[in-house]
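Visitor: Before we look, I would like to ask about the reasoning behind the labels, one label at a time.
Guide: Gladly; let us bring up the model and begin.

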Amino acid sequence: MFTLAEVASLNDIQPTYRILKPWWDVFMDYLAVVMLMVAIFAGTMQLTKDQVVCLPVLQSTVNSKAQASTSGKADFTTVEATTGRKTNLDFQQYVFINQMCYHLALPWYSKYFPYLVLIHTIILIVSSNFWFKYPKTCSKIEHFVSILGKCFESPWTTKALSETACEDSEENKQRLTGASSLPKYVSTSSDEGSPSATTPMITKSGFKFSADKPMIEVPSVTILDKKDGEQAKALFEKVRKFRAHVEDSDLIYKLYVGQTVIKTVKFIFILCYTANFVNTISFEHICNPKVEHLIGYTQFECTHNMAYMLKKLLISYISLICVYGFICLYTLFWLFRIPLKEYSFEKVREESSFSDIPDVKNDFAFLLHMVDQYDQLYSKRFGVFLSEVSENKLREISLNHEWTFEKLRQHVSRNAQDKQELHLFMLSGVPDAVFDLTDLDVLKLELIPEAKIPAKISQMTNLQELHLCHCPAKVEQTAFSFLRDHLRCLHVKFTDVAEIPAWVYLLKNLRELYLIGNLNSENNKMIGLESLRELRHLKILHVKSNLTKIPPNITDVAPHLTKLVIHNDGTKLVVLNSLKKMTNVAELELQSCELERIPHAIFSLSNLQELDLKSNSIRTIEEIISFQHLKRLTCLKLWHNKIVNIPSSITHIKNLESLYLSNNKLESLPAAVFSLQKLRCLDVSYNSILLIPVEIGLLQNLQHFHITGNKIDVLPKQLFKCVKLRTLSLGQNCITSIPDKISQLVQLTHLELKGNCLDRLPATLGQCQLLRKSGLVVEDHLFDALPSEVKEVLNQDTSIPFANGI
């Protein structure tokens, strides 16, 4: 027979699973143990004690009984008449007849009762714990219990609940800020004028903390060590993945309901058939073994010495089964009374101030309902790891712990404008120590989705330039006041126009605004920019987008705008009428706008000084004659287009100083170009020009001449009459020789000759007093072939004041 320890092991589960066993499961487990004890006790007694004792009934006794039975009376007085009579049976015959009568006369239930109880109990135990063993559910349960235990014991859980409970206390808030550098979480609500216990933020969304929360003692240690912080961040990731995995099915719920139904059906079955066998267990039994030829007697009267005990055990077993069944019925009532596939953290949200804890569903919800039956404290502490606010707080604490003032100082660099610049990339937030860098000039925040700018930014008195690259920063009111008065340059890079922070349109002292992103709304096909009317001092507006027309809101700042740049990334810009209102624009750039002609609206910009139409599809520039009305135009950039020729009407732009026509399809340079006496820079690189006209000698003010990447084979001597030339780019042509007259270019500082058909360089290069080897772009073998004295002159290390190049 089985021992109790061996059978009870079937009911043994991991101790950690106990949090998923409500009181009824625990109670049923104990009932199952008691039923096991009943089965083992009954079985043990059957094995250790004599089962049946039989004595033969004499023939006279049988006849008396037959007569009594015909008269309807059962009388055993005849037995007394034969008392003491010898039966002439030996011991072996008694053993034999006892064994036969045990199988023939004794009811089957009396013989197999212990084994039936054992089998039924094992089935009930297996049914109760099947969901802990089934592969598709036990893996989820094991993972859930593991995560739940870690979340319950995590130091971050205690810290988060404590700090959010007392954050409305000003004294405790100061303690938290000073000790852990924990940023204040604030948000807007539907009633913007309502009082808030936290500092107001200018933001479109966020979380609001309730002011009516009980205060609790703040832990003395408010900074998590690095190990605890990393473990907490790992827990957040595990909870997120586990939730996504478990919420997509309700297998655990269905399996638990199924096993409960099985136990209930089993209870009904056991109760129905067992109750019929209570009366079959009797002490006395009549046995007719039909072995008269062996024994000499036809009938025996037997006694079952375990009948009384078995009957009591059976009644006890039925009582246990009834209690077990009523608990199963209660379990089914609980399972269907409330929607267990939905779980709300409403109470937890009210108590902990984590208003963003999401409701869960399916198996995740069912597991939490089961945990609540064990202890609701588990779900409250577990809710901390479902809250984005809590996760953001942890990130900020870890961020401030990692990015100290010293580390940030090491990342500060000098940019091209000799300004101190700090670039933060892909962080979870903005470290508090950033705002202690009071001498910082430029701050770049890139891919920081939870960036918050606190009031401490007012310490950065030198800050005038801010970059927000995919970073919809939220700004406190005090911080906004500082930025509104001090910020001069703002760069915003975004994917959708809704990512542009609302406070950007209120920076009244902003001088430069750079917007890079999608400004077209697919829903209504309208520009999504808000009004720029408040940007009263805006001078430079740079828009890199995919516009089909100039946004009407740009006209809000048109009267005082001096520079407008539209980089359209290849999208055709159709409507340009708004340009006429920008009367004060001095610099205009329309790049990659798929323009086929020069827009007529440009001719109304009387104050225009520089026009850049780079990377368009302009084929003809006959409209250039209208530029004569732009008296202040000094720089014209028509590079990277498809221009075939230059009209003679270009002579009407008398004040032109710089002309850029590189990367076009020019085959010649008309003489009209060389009538522009004020021209200082001419760039016709990467065309198909065959020769340089002799009229180039008329450009006495020419300082920079670029004709790289053409088909020039001969340099006219008139070129060297341009004695003010400082930059001469002749590379990638077909030039075979350089005239000695190059020595006349005494101000030459940059000479590009690489990519030609030269076999030598003139020795007169040494007479170009300002030319050095660093400014001479030529093949090494040509330079090595120069006389040593010339190379010595070119290799001199002399500080040369370079003029502004291109």
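Visitor: Why is Glu-402 called partly exposed?
Guide: In this predicted model, Glu-402 has a relative accessibility of 46%, and because partly exposed covers the range between under 20% for buried and over 50% for exposed, Glu-402 counts as partly exposed.

Visitor: What makes the contact of Glu-402 with Lys-407 a salt bridge?
Guide: The closest N and O atoms of Glu-402 and Lys-407 are 3.4 Å apart, and since the rule asks for a Lys or Arg side-chain nitrogen within 4 Å of an Asp or Glu carboxyl oxygen, the pair qualifies as a salt bridge. Lys-407, at 25% relative accessibility, also counts as partly exposed.

Visitor: How do you know that Glu-610 and Lys-637 form a salt bridge, and what does the pair tie together?
Guide: Their closest N and O atoms are 3.5 Å apart, which satisfies the limit of within 4 Å. Glu-610 belongs to strand 18 (residues 610–612) and Lys-637 to strand 19 (residues 635–637), so the pair ties together parts that are 27 residues apart in sequence. Both Glu-610 and Lys-637 are buried.

Visitor: Which residue forms a salt bridge with Glu-237, and where do the two lie?
Guide: The partner is Arg-240, with the closest N and O atoms 2.5 Å apart, and both residues lie in helix 10 (residues 226–246), 3 residues apart, or about one turn of the helix. Glu-237 is partly exposed at 34% relative accessibility, and Arg-240 is partly exposed at 36%.

Visitor: How many salt bridges does this rule give?
Guide: The count comes to 19 salt bridges; a network of salt bridges links Asp-250, Lys-254 and Lys-341.

Visitor: Why is strand 16 described as largely enclosed?
Guide: In strand 16 (residues 563–567), 4 of the 5 residues are buried, so the strand is largely enclosed by the rest of the structure. Strand 15 (residues 540–544) runs parallel to strand 16 and is joined to it by 5 bridges, with Ile-540 opposite Lys-563. Strand 17 (residues 587–591) also pairs with strand 16 in the parallel sense over 5 bridges, and there Gln-591 is the bridge partner of His-567.

Visitor: What makes Phe-27 eligible for the nonpolar patch on the surface?
Guide: Phe-27 has 38% relative accessibility, and patch residues need over 30%. Phe-27, found in helix 2, forms the patch together with Trp-23, Val-323, Tyr-330 and Phe-333, the accessible area being about 490 Å² together. Helix 13 gives the most to this patch, with 3 residues.

Definitions and conventions. Residues are numbered from 1 along each chain as its sequence is written. This is a predicted model: local features need pLDDT of at least 70, side-chain atom pairs count only at pLDDT 80 or more; totals for chains, interfaces and linings use all residues. Side-chain values use heavy atoms; hydrogens and water are left out. Patches are made of residues with over 30% relative accessible area and no salt bridge: like charges are joined within 9 Å, nonpolar side chains (Val, Leu, Ile, Met, Phe, Trp, Tyr) within 5 Å. Accessible areas come from the Shrake-Rupley method with a 1.4 Å probe; for residues, only the protein chains shown count as cover. Buried means under 20% relative accessible area, exposed over 50%, partly exposed in between (1.4 Å probe, protein chains only). Two strands pair if DSSP finds at least two bridges between them.
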